[in-house]
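Reader: I've got this chain open on my screen and I'd like a close look at one part of it. Could you pick a spot and walk me through its surroundings?

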Amino acid sequence: MVSYAHSGQTRHNDSKSGVVSLKHSVDEAVSLLQLSHKNSQIRFINNCQPDHLVTGDQQKLQQVLINLMSNAVDASGANDAVTLCTVADAQTVTLTVEDQGHGIPGNIQDRLFEPFFTTKEAGKGTGLGLALTWNIIEEHFGSIRVESPANKVLKTGTRFIIALPRYEAKGHLSNEEHSEIREPATSRSESMMEGEAL
C-alpha cells in the first residue's frame, strides 16, 4: 500500500470552490466514459451516498474520477466491474475506486504518482494522469493511497482510496446551498475527456 498526503499547499483558485456531490460527479464521469466504445463492456457501479458532500472545484474533482476510472478500465477485462463508493465520518469523506483487473506490481507502486511514469505501451499514455490526480487532491487538502491487489485471495484488482474534508453544513442545507451543489455539467464533456490517464 502506498499513501500520498497533502503537504499544506494552499488551495488553488478558491473562487471555483463550491459544494460538490461525489455521487453526481461519479454519474457524470460514467456518462462521459461511456461515450467511448471501448468502455461499453465495463460495468460501472456507483455506490456513493448522496449526502456525502465535499467542498472543492467540481471540474477538477471530476477530472480525478475520470483519470482513475480510465486507468481502471484499461486494467479490466470484458464484463469486469469498476466500483465507486463512499463512507464518511463527521470530518472526512472517503471515496474508493476499485477494479477487478490484473493489479499493480508492488515494485512500482511507489512510482505511480511520479510525472511521466507510465505502465502503458509507448504512445498510449503520457504518465501525467496520476501526477495530476495527486496534485488536485493535495489542493483540496486531501490524501490518496493505492492498495493492490485489492482481492488478497485472487491477487487481482486495484483500489485507490481518496480522503477529502467533508462539507460542514450547519443543520440542513438551505435552498441556496442546494443550488450551489455542483451537478453534472455536460458542456464540459470535451475538456474532461482530454484529461490524461496513467
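Author: Sure, and let's get our bearings before zooming in. Going along the sequence, the pattern reads β-β-α-β-β-α-β-β-α-β-β-α-α, which amounts to 5 helices and 8 strands. Keep in mind that this is a predicted model. Of the chain's 198 residues, 45% count as buried. Take the contacts between residues at least 6 apart in sequence: 75% of them join residues at least 24 apart. As for the outside, the chain exposes about 10,200 Å², with carbon and sulfur atoms supplying 50% of that.

Now for the close-up, which is T158. You'll find T158 in the loop between β7 (143-147) and β8 (159-165). Is T158 buried or exposed? Its relative accessible area is 4%, and the cut-off for buried is under 20%, so T158 counts as buried.

What does T158 touch, leaving aside residues up to four places away in sequence? One set of partners is V97, E98 and D99, along with G103 and I104. T158 also touches V146, E147, S148 and A150. With S148 there's a polar contact, side chain to side chain, at 3.1 Å. Have a look at A72 too: A72 and T158 are 86 residues apart along the chain, yet their C-alpha atoms are separated by 7.8 Å.

A72 falls within helix α2, which spans residues 58-75, so let's follow that helix outward. Helix α2 packs with α1 (residues 22-33) at an angle of about 55°, and the two axes are 9 Å apart. That angle makes α1 and α2 oblique to each other, and their crossing is right-handed. On the α1 side, the residues that meet α2 are S25, V26, E28, A29, V30, L32 and L33. Facing them from α2 are Q58, Q62, L65, I66, M69 and S70.

Helix α2 has another neighbour worth a click, namely α3: the buried residues of α3 pack against α2, and against β7 and β8 as well. Those are the two strands on either side of the T158 loop. Helix α3 covers residues 129-139 and is mostly covered, with 8 of its 11 residues buried. The buried ones are G129, L130, A131, T133, I136, I137, E138 and E139. Just past the end of α3, check the backbone at F141, where phi is positive at about 60°.

Definitions and conventions: Residues are numbered from 1 along each chain as its sequence is written. This is a predicted model: local features need pLDDT of at least 70, side-chain atom pairs count only at pLDDT 80 or more; totals for chains, interfaces and linings use all residues. Side-chain values use heavy atoms; hydrogens and water are left out. Helices (H or I, at least four residues) and strands (E, at least two) are DSSP runs, numbered from the N terminus. Buried means under 20% relative accessible area, exposed over 50%, partly exposed in between (1.4 Å probe, protein chains only). Contact means heavy atoms within 4.5 Å. Accessible areas come from the Shrake-Rupley method with a 1.4 Å probe; for residues, only the protein chains shown count as cover. A polar contact is a pair of N or O atoms within 3.5 Å; within protein, one must be able to donate a hydrogen and the other to accept it, and residues adjacent in sequence count only if both atoms are side-chain atoms. Axes are lines fitted to C-alpha atoms, for helices over the stretch in contact, and angles run from 0 to 180 degrees between N-to-C directions. Angles under 35 degrees count as roughly parallel, over 145 as roughly antiparallel, 65 to 115 as roughly perpendicular and the rest as oblique. A crossing is left-handed if the near helix is turned anticlockwise from the far one by less than a right angle, and right-handed if clockwise.
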